[in-house]
Amino acid sequence: PAGGLLLAVAFGLAVFFGCGVGHLGLLILGVRRTTVGEVDALRDAYGEVRRELKQARDEARAILTAVESTTRSRQGQSMELGEVMAEVKVLQSLVERVSVRGGAPVQMLQSGQAEPAMRLVASGGHAAGAQGGRAVASPVEPMRGDGLAPVPPDSSQASDELILDHVREGLRANRIDLYLQPVVSLPQRKRRHLEVFSRIRTEAGAILLPQQYMGIAAREGLISAIDNMLLFRSVQLARRLQHSQSRIASIYVNISEHTLADATFFRDFAGFMAENRDLAQSIIFEFVQSHVGRLAGAVMLELERLARLGFRFSMDQVTDLRLDPDDLGRRHFRTVKIEAARLLEAVRREDNALDIRALKAALDRNNIDLIVEKIETEATLVEILDMPVDFGQGYLFGEPRPMRE
């Protein structure tokens, strides 16, 4: 009986523990299924959150892009408006001189008024251009075969009164065209700079050359007005070159003696360039050698002001080869231009009038480049390449070409 009782108790305990283990197994299985389900649910929720975050991020990026685009557009419009207003201010300061000595009054450009078919051009070297020597290949597509001919200088059509009318009308109607000529590195012949010249186009389409109108325009007090009409275009051209992929480093802008003698204009001119100081490395102002020695004190102060802003100067039409490179360096000249024929003549002279290598070494010490201009033939170039020169200019490297808008 005792053994049977113990057996019954043992069997009962076995059944109890068996039932407990089974229940525990079922419980664990239920918990595992619940946990897997919750993990799946969490995974699904996480994926949904990621999708929503990506969508929100894409929308935010699109909004930011739109805002930045709008901001750039407004800034660009603001800059363009500022540039135009500065240019109009400069134009208004001197274009009124067109009618100083007779003729109909000039209609001034008002804010918001459309400008008449303006070309993107730069200031022309009137005195230099009168010699007709410098040709150009433009970074902007040139006009070819325009068929325009100079006004015959000896015809009755070229009377002083008629030429003066052409000049005044050219200023009013914006028919001051730009011609460009390359300055190339030697011996590579790669275009590195541009020099700019002006031509006046008559209503009939003929070209009025500087030698035809310079004297008359000077007598009537219009030279500064012509320079002023073209000055802001040099700024436009320089900006266009800066924003393009052009390899043109800078443009040479001639400043006439008449403009240098006009202290009021030159002060306004310096102020205008101060507002465009970011173009200091793109514009080189060029002066004739004979004019440099006669600069007034007020003009010298304005030139010093421009130099402090980073603008550079060039000496053109050098007739006296007894240069002082140290003095030129102190006065912020960075290039000197000598005509090929004059340079070769001086080098060939038996009395050794010019030691070109000594001159070039002195120029180099003052960071002044030597440009030989009016190189017209290959034979001349061969002789020039025997000398230590930096750049060349002349018909050999391209003929004068007007520039498209």
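Phe287 is a good residue to open on: in this predicted model it is buried, with a relative accessible area of 2%. Leaving aside neighbours within four places in sequence, Phe287 touches Ile255, Leu260, Val292, Leu303, Phe313, Ser314, Met315, Asp316 and Phe333. Phe313, one of these contacts, is buried as well, with a relative accessible area of 1%.

How do the two rings meet? A search of the whole structure turns up seven aromatic pairs. For Phe287 and Phe313, the ring centres are 5.7 Å apart and the planes make an angle of 70 degrees; planes over 60 degrees apart count as edge-to-face, so this pair is edge-to-face. Phe287 belongs to strand 5 (residues 283-288) and Phe313 to strand 6 (residues 312-316), so the pair ties together parts that are 26 residues apart in sequence.

Now let us widen the view to the surroundings of Phe287. The largest nonpolar core of the model has 62 residues, and Phe287 is among those with the most contacts inside it, along with Phe269, Met273, Phe285, Leu306 and Ile384. Apart from this core lies another, of 17 residues, which includes Ile200, Tyr213, Ala225 and Met229. Two names from the 62-residue core, Phe269 and Phe285, turn up again in an aromatic cluster, where they are joined by Phe265, Phe266 and Phe311.

Phe265, Phe266 and Phe269 carry numbers that fall in helix 7 (263-274), and the loop between helix 6 (257-260) and helix 7 holds Asp262. Is Asp262 buried or exposed? With a relative accessible area of 13%, Asp262 is buried. Its C-alpha atom is separated by 8.7 Å from that of Val299, a residue 37 positions away along the chain.

Helix 4 (residues 210-219) is the next stop. Its buried residues include Pro210, Gln212, Tyr213, Met214, Ile216 and Ala217, and Tyr213 is also one of the members of the 17-residue core. Just after helix 4, Gly221 takes a positive phi of about 75 degrees.

Helix 4 also leads us to the charged side chains, since the structure holds 18 salt bridges. One of them joins Asp160 to Arg219, with the closest N and O atoms 3.9 Å apart. This pair links distant parts of the chain, for Asp160 is in helix 3 (residues 160-172) and Arg219 in helix 4, 59 residues apart. Both ends count as partly exposed: Asp160 has 40% relative accessibility, and Arg219 has 43%.

A second salt bridge runs between Arg201 and Asp177, whose closest N and O atoms are 2.7 Å apart. Arg201 lies in strand 2 (residues 191-201) and Asp177 in strand 1 (residues 176-185), so this bridge ties together parts that are 24 residues apart in sequence. Asp177 counts as buried, at 4% relative accessibility.

A third salt bridge connects Asp278 and Arg239, with a distance of 2.7 Å between the closest N and O atoms. Here Asp278 sits in the loop between helix 7 and strand 5, while Arg239 is in helix 5 (residues 223-243), so the pair ties together parts that are 39 residues apart in sequence. The two partners fall into opposite company: Asp278 is partly exposed, with a relative accessible area of 43%, whereas Arg239 is buried, with a relative accessible area of 11%. Back at helix 4, salt bridges that share partners join Asp160, Arg168, Arg219 and Glu220 into one network.

Charges also meet aromatic rings in this model. Arg199 lies over the face of Tyr179, at 5.3 Å from the ring centre. The charged end of Lys337, in turn, sits over the ring of Tyr252, 4.5 Å from its centre.

Finally, step back to the whole chain. Its secondary structure comes to 13 helices and 10 strands, and 43% of its 405 residues count as buried. Of the contacts with a separation of 6 or more, 76% are between residues 24 or more positions apart. The accessible surface comes to about 21,400 Å², and carbon and sulfur atoms make up 55% of that area.

Definitions and conventions: Residues are numbered from 1 along each chain as its sequence is written. This is a predicted model: local features need pLDDT of at least 70, side-chain atom pairs count only at pLDDT 80 or more; totals for chains, interfaces and linings use all residues. Side-chain values use heavy atoms; hydrogens and water are left out. Rings of Phe, Tyr and Trp (its six-membered ring) pair if their centres lie within 6.5 Å; planes under 30 degrees apart count as stacked, over 60 as edge-to-face and the rest as tilted. Helices (H or I, at least four residues) and strands (E, at least two) are DSSP runs, numbered from the N terminus. Buried means under 20% relative accessible area, exposed over 50%, partly exposed in between (1.4 Å probe, protein chains only). A charge sits over a ring if NZ of Lys or CZ of Arg is within 6 Å of the ring centre and within 35 degrees of the ring normal. Contact means heavy atoms within 4.5 Å. Accessible areas come from the Shrake-Rupley method with a 1.4 Å probe; for residues, only the protein chains shown count as cover. A nonpolar core is a set of buried Ala, Val, Leu, Ile, Met, Phe, Trp, Tyr and Cys residues joined through side-chain atoms within 4.5 Å. A salt bridge is a side-chain nitrogen of Lys or Arg within 4 Å of a carboxyl oxygen of Asp or Glu.
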